[in-house]
Amino acid sequence: MKVLVTGVNGQLGHDVMLELDRRGHEAYGSGSSGQYHGAEDLLTLPYVAMDITDARQVSQLVGQLRPDAVIHCAAWTAVDAAEDAENLPKVRAVNVDGTRHLSEACASVGAKMLYISTDYVFSGQGREAWQPDCKEYAPLNVYGQSKLDGELAVASALRRFYIVRTAWVFGRNGNNFVKTMLKLGRTHPQLRVVNDQIGTPTYTEDLARLLVDMIETEKYGYYHATNEGGYISWYDFACEIFRQAGMEVRVTPVSTAEYGLSKAARPFNSRLDKSKLRQAGFVPLPDWKDALNRYLKTQSEG
């Protein structure tokens, strides 16, 4: 299968490319930069520069490659920066227009498309886990609205699509909460971490395996995917990071209001129901503690 992956300079796109290569697919990675600038293990794989905000460029490249599938990992993910008025055009250009350009290009060549979305399309209220086919959208911030509009663009342009919502992502090729905690823990004996935002971490290596499993099928639709292991707070996650890393850091739980540093409103309830994965015959992601253990080993090796 010939697959085009966007956003390969980031965490998830990087691991998706590695997974495709491991399985023998013909994978092409793309990014907005002229050259690939992520972890070195993708340097030998095909890379094409593509500005997804440029409709003509997207149409030409997809038309030339004629992929069987596109896995769209590229996105503006700086949630707080997205709230700044001067950034709004860029956020919309990447997350909405760019996604629409790719969707229309896929439609023109008959390719199926997998779009990575987020729990931020929901209100983040209550305690019930969000269902993948729930249409009660209520984004709390600019980022969430832009990802929702991206979802709508995919669904309006294509019939053969997968929309996969995930949360709390961490991977080797980029910045994330785990790396931030490890860095701060080396210089701060005590940290404050919010304990009223609830969800589940997602290791990009595990998610990449699932995404490639998906595109090898015709089981289209909306899915939720995070690691297994139940729902936790960011405070719980931080404590487990330091425990597994063998670092003596005192973590103090605080409310989002007490923490008070975020410009964008964050969802309190990021619980995602993943039962549809099993129902469709997909293998769920491993327990998040196991995923964290494997990830920390990559950090020590690096």
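**Exercise 1. Two helices, α1 and α6**

In which hand does α1 pass α6 in their crossing? Describe the geometry of the two helices and the residues of their contact.

*Solution.* The structure is a predicted model.

Step 1. Two packed helices are described by the angle between their axes and the distance between the axes. The axes of α1 (residues 11-22) and α6 come within 8 Å, and their crossing angle is roughly 55°.

Step 2. Angles from 65 to 115 degrees would count as roughly perpendicular, and those under 35 degrees as roughly parallel. The helices α1 and α6 are therefore oblique to each other.

Step 3. The hand of the crossing is right-handed as α1 passes α6.

Step 4. On the side of α1, the contact is made by Q11, L12, D15, V16, E19 and L20. On the side of α6, the residues are T204, E205, L207, A208, R209, L211, V212 and I215. By class, the contact of α1 with α6 has eight nonpolar, two polar and four charged residues.

**Exercise 2. Two helices, α5 and α7**

Carry out the analysis for α5 and α7, and state the classes of the residues in their contact.

*Solution.*

Step 1. Helix α5 covers residues 177-185, and its axis comes within 10 Å of that of α7, with a crossing at roughly 60°.

Step 2. The two helices are therefore oblique to each other, and the crossing of α5 and α7 is right-handed.

Step 3. Helix α5 contributes F177, V178, M181, L182 and G185 to the contact, and α7 contributes W234, F237, A238, I241, F242 and A245. These residues divide into ten nonpolar, one polar and no charged.

**Exercise 3. Salt bridges**

How many salt bridges does the structure hold? Examine three of them and locate each partner.

*Solution.*

Step 1. The structure holds 17 salt bridges. Side chains of opposite charge can pair when their charged atoms come close.

Step 2. The side chains of K112 and E218 form a salt bridge at 3.2 Å, N to O. K112 lies in strand β5 (residues 112-118) and E218 in the loop between α6 (204-215) and β11 (221-224), so this pair ties together parts that are 106 residues apart in sequence. K112 has a relative accessibility of 4% and therefore counts as buried.

Step 3. A salt bridge of 2.8 Å, N to O, joins the side chains of E151 and R165. The pair links distant parts of the chain, 14 residues apart: E151 is in helix α4 (residues 142-157) and R165 in strand β6 (residues 161-166). Both E151 and R165 are buried.

Step 4. The side chains of R243 and E240 meet at 2.7 Å, N to O, in a salt bridge. Both residues lie in helix α7 (residues 234-245), three residues apart, about one turn of the helix. R243 is exposed because its relative accessible area is 57%, whereas E240, at 8% relative accessibility, counts as buried.

Step 5. Salt bridges that share partners also join E19, R22, R23, R209, D213 and E216 into one network.

**Exercise 4. The surroundings of E228**

Where does E228 lie? Determine its exposure and its contacts.

*Solution.*

Step 1. E228 belongs to strand β12 (residues 227-228).

Step 2. Its relative accessible area is 23%, so E228 is partly exposed.

Step 3. With neighbours within four places in sequence left aside, E228 is in contact with T200, K274, R278, P284, L285, P286, D287 and W288.

Step 4. A separation of 20 Å lies between the C-alpha atoms of E228 and A245, which are 17 residues apart along the chain.

Terms used
Residues are numbered from 1 along each chain as its sequence is written. This is a predicted model: local features need pLDDT of at least 70, side-chain atom pairs count only at pLDDT 80 or more; totals for chains, interfaces and linings use all residues. Side-chain values use heavy atoms; hydrogens and water are left out. Helices (H or I, at least four residues) and strands (E, at least two) are DSSP runs, numbered from the N terminus. Buried means under 20% relative accessible area, exposed over 50%, partly exposed in between (1.4 Å probe, protein chains only). Contact means heavy atoms within 4.5 Å. A salt bridge is a side-chain nitrogen of Lys or Arg within 4 Å of a carboxyl oxygen of Asp or Glu. Axes are lines fitted to C-alpha atoms, for helices over the stretch in contact, and angles run from 0 to 180 degrees between N-to-C directions. Angles under 35 degrees count as roughly parallel, over 145 as roughly antiparallel, 65 to 115 as roughly perpendicular and the rest as oblique. A crossing is left-handed if the near helix is turned anticlockwise from the far one by less than a right angle, and right-handed if clockwise. Ala, Val, Leu, Ile, Met, Phe, Trp, Tyr, Cys and Pro count as nonpolar, Asp, Glu, Lys and Arg as charged, and the others, Gly among them, as polar.
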